[in-house]
Amino acid sequence: MSKTYKTLARPALDDVSVSVDKGEFVFLIGPSGSGKSTFLQLLLREEVPSDGRVIVADWNVAKLPRRRVPKLRQRVGCVFQDFRLLNNKTVSENVAFALEVIGKPRHTIRKVVPEVLQLVGLDGKADRMPAELSGGEQQRVAIARAFVNRPLVLMCDEPTGNLDPDTSQDIMLLLERINRTGTTLVMATHDHSIVDSMRRRVVELSHGKVIRDDARGVYGVGR
Ligand code: ADP
Ligand code: MG
């Protein structure tokens with residue numbers, strides 16, 4: 001699959017072929033500009049490939065009718081470096097919102113939100129505002145919101161990029177716990193200390209090309 005932005009001379013992703021099994025935990029690494037975020041945006045249908053296919057479960061993402069994109073985004077949860085919380089809503093309202101927009105009934109929301117807040121270690125903080133929380137806690141809220149629909153895949157784009165090393169470790173433990181529930185995890189990062197400490201599959205991008213994929217052995221640019 002390839003992705004070319006009109007304003008770019010060379011493709012942001014160039015003949016990339018990566019297959020992730022259900023339940024895997026994969027790091028997507030590479031320097032800034034190598035194509036990591038573009039890769040994740042294709043999974044969410046925020047971008048469409050210029051060439052080739054993007055498949056999530058049995059869905060051909062690029063061909064999905066627009067009206068089904070919200071369903072896709074229930075299957076693919078996302079977490080970002082800058083948390084992207086609704087700052088005028090409480091912690092539990094932020095998480096509930098992900099369920100309200102897809103029309104979940106109120107009794108379900110009342111039951112599920114406290115459960116997921118407990119899972120991410122935020123019970124007791126349900127009524128706080130985001131601004132009253134530390135960065136690590138805000139990221140936990142974002143993870144709770146992304147996970148509350150039990151997505152097949154949780155994609156995280158530099159989720160520890162704004163956090164100190166200890167807090168980053170805590171967030172990684174949480175992401176591992178979520179992965180153990182069966183959710184596939186794809187995490188873009190350029191934090192090598194995290195990647196080195198976790199011994200998970202690594203896919204490395206350089207200038208839009210895959211230069212390493214632990215599922216296939218290591219190979220070089222220009223293969
Ligand atoms: P990374 O996340 O690894 O830093 P990106 O996927 O954000 O890489 O970017 C890959 C390349 O695509 C970069 O050259 C970037 O400038 C370019 N790019 C990303 N998004 C857009 C866009 N919306 N329009 C044009 N170029 C883009
Ligand atoms: Mg990026």
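In this predicted model, Glu 158 has 20 C-beta neighbours inside 10 Å, and because a residue is buried if 20 or more other C-beta atoms lie within that distance, Glu 158 counts as buried. Glu 158 sits in the loop that runs between β5 and α6, and its backbone has a positive phi of about 50° although the residue is not a glycine. Most residues other than glycine have a negative phi. A second residue of this kind is Phe 83, which is not a glycine either and has a positive phi of about 65°. Phe 83 belongs to the loop between β4 and α3, and with 21 C-beta neighbours inside 10 Å it counts as buried.

The loop of Glu 158 leads back to strand β5, where five of the five residues are buried, so that the strand is largely enclosed by the rest of the structure. In a regular strand the side chains alternate between the two faces of the sheet. In β5 both faces are covered, with Val 153, Met 155 and Asp 157 buried on one side and Leu 154 and Cys 156 buried on the other. The strand has β4 as a partner, paired with it in the parallel sense over five bridges, and within this pairing Val 76 has Val 153 of β5 as its bridge partner. Strand β6, residues 184–188, also runs parallel to β5 and is joined to it by five bridges, with Cys 156 standing opposite Met 187 of β6. Taken together, β5, α6 and β6 make a right-handed β-α-β unit.

From β6 the path through the sheet continues to β1, since these strands run parallel and are joined by four bridges, and here Phe 25 stands opposite Leu 185 in β6. Strand β1, residues 25–29, is mostly covered, five of its five residues being buried. Phe 25, Phe 27 and Ile 29 point one way from the strand, while Val 26 and Leu 28 point the other way, and all are buried. Strand β1 also pairs in the parallel sense with β7, residues 201–206, over four bridges, and in that pairing Leu 28 stands opposite Val 203.

Among the helices, α5 covers residues 135–147, and its 13 residues should span 18 Å at 1.5 Å a residue, which agrees with end C-alpha atoms that are 18 Å apart. Because 11 of the 13 residues of α5 are buried, the helix is largely enclosed by the rest of the structure. The buried residues include Glu 137, Arg 140 and Arg 145 as well as Val 141, Ile 143 and Phe 147. They pack against β4, α3, α4, β5 and α6, and strand β5, described above, is thus one of the elements that α5 contacts.

Helix α4 has 14 residues, which at 1.5 Å a residue should span 20 Å, and its end C-alpha atoms are 20 Å apart, in agreement with that expectation. The buried residues of α4 are Val 113, Val 116 and Leu 117, and they pack against α3 and α5. The helix is followed by Gly 121, whose phi is positive, near 80°.

The last part of this tour is the surroundings of ligand 1, where the residues include Tyr 5, Thr 7, Leu 8 and Ala 12, together with Gly 30, Lys 36 and Thr 38. By class, the shell around ligand 1 has three nonpolar, eight polar and one charged residues.

Conventions:
Residues are numbered from 1 along each chain as its sequence is written. Chains are lettered from A and ligands numbered from 1 in the order in which they are written. This is a predicted model: local features need pLDDT of at least 70, side-chain atom pairs count only at pLDDT 80 or more; totals for chains, interfaces and linings use all residues. Helices (H or I, at least four residues) and strands (E, at least two) are DSSP runs, numbered from the N terminus. The expected span of a helix is 1.5 Å times one less than its number of residues. A residue is buried if 20 or more other C-beta atoms lie within 10 Å of its own, exposed if 12 or fewer, and partly exposed in between; C-beta atoms are placed from the backbone. Two residues are in contact if their C-beta atoms, placed from the backbone, lie within 7 Å. A residue is near a molecule or strand if its C-beta atom, placed from the backbone, lies within 6 Å of it. Ala, Val, Leu, Ile, Met, Phe, Trp, Tyr, Cys and Pro count as nonpolar, Asp, Glu, Lys and Arg as charged, and the others, Gly among them, as polar. Two strands pair if DSSP finds at least two bridges between them. A crossover is right-handed if, with the strands pointing away from the viewer, the path from the first strand over the helix to the second runs clockwise.
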